[in-house]
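Trainee: Could you help me learn to read the place where two chains meet?
Mentor: Gladly; let us look together.

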Amino acid sequence: MNSIFQTVPIQHYIILSAILFSIGVIGVLTRRNAIIIFMSVEIMLNSVNLLLAAFSTYHNDAAGQIFVFFIMAVAAAEVAVGLAIIVMIYRNIHTIDINELNKLKG
Amino acid sequence: MLQSLFYFLSFTSIFLACMVVFAKNPVHSVLYLILTFFTIAGHYLILNAQFLALVHVVVYAGAIMVLFLFVIMLLNLNAETEPRQSMLMKFAGTIAGGCLMLVLIAVFSKANALPAAHEVNSQIGLIKNLGKILYTDYIMPFEVASILFLIAMIGAVILAKREPKAAI
């Protein structure tokens, strides 16, 4: 049986996930469109999922893949509620620029 | 073979993720994000996680991204309506994210990973094996996830249904 870890070290998966996570963080910090921020959060969740699956295969333990499954379920619920909130915000203030969402500011 | 496929998929997914963040048009961002999800599904396939690859394509590329596209088209977003962050904030955000990446890579490249499992079992990611574990060891989180979905569904319907004037 051939495994990916005979040729690619686990460190490379860690570095790939770190880079993808940082790209997600940069997206959250630099964009003002609420939907793009949501998409950046999805990239961050996916980098974590990828690392969980990689370690699951590395240690030959299926529990990591179950965790990925649960993270996907929570992400789907989060996106449904989040996009409903974004549509609601757009109906009220006619923009989804997060700098305009300062009604709660004292 | 697997090695070159891994590096190809890695560089493609990093490039596409950058394009998601830096694309001006939100519709282009969504399309790049769908391609990113396909490369991550490819990663799952070379990790022998066949069921995860399937679920990832169905849930992310099939359901979540269609939802994103619907909302973007419903709100009629395009490059002209895209709010621009100030140059200083963009610079500061990129520097902060880059510092985070440097710290993460520096920390984890020094870490000593445990050695890989000796026997390689390519059956571990199949639906038969995962389903058995999901319905025995993880039955309680599974039921809680179903309740979470019910609450999310009710919340989304209530939020989206309310009239704009009645909300305030």
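The talk below goes from the interface to one helix and then to two single residues.

Mentor: This is a predicted model, where local features need pLDDT of at least 70, side-chain atom pairs count only at pLDDT 80 or more, and totals for chains, interfaces and linings use all residues. Residues are numbered from 1 along each chain as its sequence is written, chains are lettered from A in the order in which they are written, and side-chain values use heavy atoms, without hydrogens and water.

Trainee: How many residues does each chain bring to the contact?

Mentor: Contact means heavy atoms within 4.5 Å. Chain B brings 87 residues and chain A brings 74.

Trainee: What area is buried between chain B and chain A?

Mentor: The size of an interface is often given as the accessible area lost when the parts come together. Buried area is taken with a 1.4 Å probe and summed over both parts. Here the value is about 7200 Å², with 76% of it from carbon and sulfur atoms. On the chain B side, B:V21, B:L47 and B:F68 lose the most area to chain A, together 9% of what that side buries.

Trainee: How many salt bridges and polar contacts cross the interface?

Mentor: A salt bridge needs a side-chain nitrogen of Lys or Arg within 4 Å of a carboxyl oxygen of Asp or Glu, and the rule finds 0 between these chains. A polar contact is a pair of N or O atoms within 3.5 Å; within protein, one must be able to donate a hydrogen and the other to accept it, and residues adjacent in sequence count only if both atoms are side-chain atoms. There are 6 residue pairs in polar contact across the interface, both residues at pLDDT 80 or more.

Trainee: Which residues of α1(B) are buried?

Mentor: Buried means under 20% relative accessible area, exposed over 50%, partly exposed in between, using a 1.4 Å probe and protein chains only. Helices are DSSP runs (H or I, at least four residues), numbered from the N terminus. In α1(B), the buried residues are B:F6, B:L9, B:S10, B:S13, B:I14, B:L16, B:A17, B:V20 and B:V21. Their cover includes α1 (10–30) and α2 (34–58) of chain A, together with α2 of chain B.

Trainee: Is A:N46 buried or exposed?

Mentor: A:N46 counts as buried because its relative accessible area is 0%. This residue sits in helix α2 of chain A. Beyond its neighbours within four places in sequence, A:N46 touches B:F37, B:I40, B:Y44, B:H56 and B:Y60.

Trainee: What does B:L159 touch?

Mentor: B:L159, in helix α6 of chain B, is in contact with A:V81, A:A84, A:I85 and A:M88, leaving aside its neighbours within four places in sequence. B:L159 counts as buried because its relative accessibility is 18%.

Notes:
Buried area is the accessible area (1.4 Å probe) that two parts lose on being put together, summed over both. Helices (H or I, at least four residues) and strands (E, at least two) are DSSP runs, numbered from the N terminus.
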